[in-house]
Amino acid sequence: MYDIQSITNNILIGEYSFSDHAIIGERNDRIDPKAIDRVSLDGKVKKEYPEIKKDNILEYRLVTDEDINTLFKWVNDPLVRKNSFYNKKRIKYDEHKMWFRSRMKSGDCVIYIFLINSEPIGQVRFDKAAEFKSEINISVDSSFRDKGLSSVMINIASSKYRTISQAKTMIVAHIKLSNMKSLRAFQKAGFIMTKTCIFKNQQCYELIFN
Ligand SMILES: CC(C)(COP(=O)(O)OP(=O)(O)OC[C@H]1O[C@@H](n2cnc3c(N)ncnc32)[C@H](O)[C@@H]1OP(=O)(O)O)[C@@H](O)C(=O)NCCC(=O)NCCS
C-alpha cells in the first residue's frame, strides 16, 4: 500500500495540483519490484499531445536490467551530456555497463522509468549521497520534451522515493545556472531553492524537495 500521507502533501502550483495523484494501480515495491504504477495525466500537462492523449496515462516502474540500452541512449543525448556535472564527452557502452551494474548492486540507487503507451519516455534517479541525503537526477527522451511532463515525473518519483526511503531523507537537486528549464521543472514539482553553491566544481542552484 502507498503511504498516502507522504504522497498527498498538497502541492499547488499554478493551475496544477499534485495533491491527487489519481493512482490507479497500487503496489508495494518491496513485494513486487516489477509492478507498474499508473497515474492519470488529466490536468497535469497543459496541452494535448497525440502521444499522451491516447489514454492520458503516465506509467512508472523501477528500472530493470532490460533498461540498460534505453539508459545508454538517454545518457548520450546531447542535452543530457551538456547539463551533466560529470563528463561532457560521449559515454562508452562498457563504461555505462559498469556504471549501471555497480549502481544496481550498491543498493544506493533507485531509478524510476516512466512510460507512455508502454514506451519509455524518461527516467528519474535517486543516488544516496550521505546518510539521510539523496541526489535526484532527471532526463526526458528528446521526443517527449517540452510537453510539461518533467515536473509531473519529478513530483511523482520524489513522493514515491520518500515512501521507500528513511523518514528523514532529504532529496536534493543540483541544477546548473544555465539550465532554466530544469530549474522551472523542479520548482513546479515542489522543490524549494535553498541557495546557489559549487557542486563538482561548477556553480549551481541547490533545491530541496518540500
Ligand atoms: C530538463 C528536462 C528534464 C526538462 O524536461 P522538458 O520536457 O524538456 O521540459 P518541460 O516541458 O517539462 O518544461 C519544464 C518547464 O520549463 C519551462 N521552460 C521551458 N523552457 C524554458 C526556459 N528557457 N527557461 C525557463 N523555463 C523554461 C516550461 O515552460 C515548463 O514550465 P511550465 O510547465 O510552467 O510551462 C529535459 O529538458 C531534459 O531531459 N534535459 C536534459 C537533462 C537535464 O538537463 N536534466 C536535469 C539535470 S538537473
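The chain has 7 helices and 10 strands (DSSP runs numbered from the N terminus: H or I of at least four residues for helices, E of at least two for strands). This is a predicted model: local features need pLDDT of at least 70, side-chain atom pairs count only at pLDDT 80 or more, and totals for chains, interfaces and linings use all residues. Residues are numbered from 1 along each chain as its sequence is written.

**Overall packing**
- Of the 210 residues, 28% count as buried (20 or more other C-beta atoms within 10 Å of a residue's own, C-beta atoms being placed from the backbone).
- Among contacts (C-beta atoms within 7 Å) with a separation of 6 or more, 53% join residues 24 or more positions apart.

**Nonpolar core**
- The largest nonpolar core (buried Ala, Val, Leu, Ile, Met, Phe, Trp, Tyr and Cys joined through C-beta atoms within 7 Å) has 36 residues.
- Met-153, Ile-154 and Phe-186 have the most contacts inside this core.
- Elements giving two or more residues to the core include β5 (109-116), β6 (119-130), α6 (149-164) and α7 (180-188).
- α6 gives the most, with 7 residues.
- Leaving out residues up to four places away in sequence, Met-153 touches Phe-114, Gly-122, Val-124 and Ile-138.

**Ligand shell**
- There are 22 residues around the ligand (C-beta atom within 6 Å of it).
- Asn-83, Arg-145, Ser-150, Met-180 and Arg-184 come nearest.
- α4 (78-83), β7, α6 and α7 each supply at least two shell residues.
- α7 gives the most to the shell, with 6 residues.
- The shell divides into 8 nonpolar, 8 polar and 6 charged residues. Here Ala, Val, Leu, Ile, Met, Phe, Trp, Tyr, Cys and Pro count as nonpolar, Asp, Glu, Lys and Arg as charged, and the others, Gly among them, as polar.

Conventions:
A residue is buried if 20 or more other C-beta atoms lie within 10 Å of its own, exposed if 12 or fewer, and partly exposed in between; C-beta atoms are placed from the backbone. Two residues are in contact if their C-beta atoms, placed from the backbone, lie within 7 Å.
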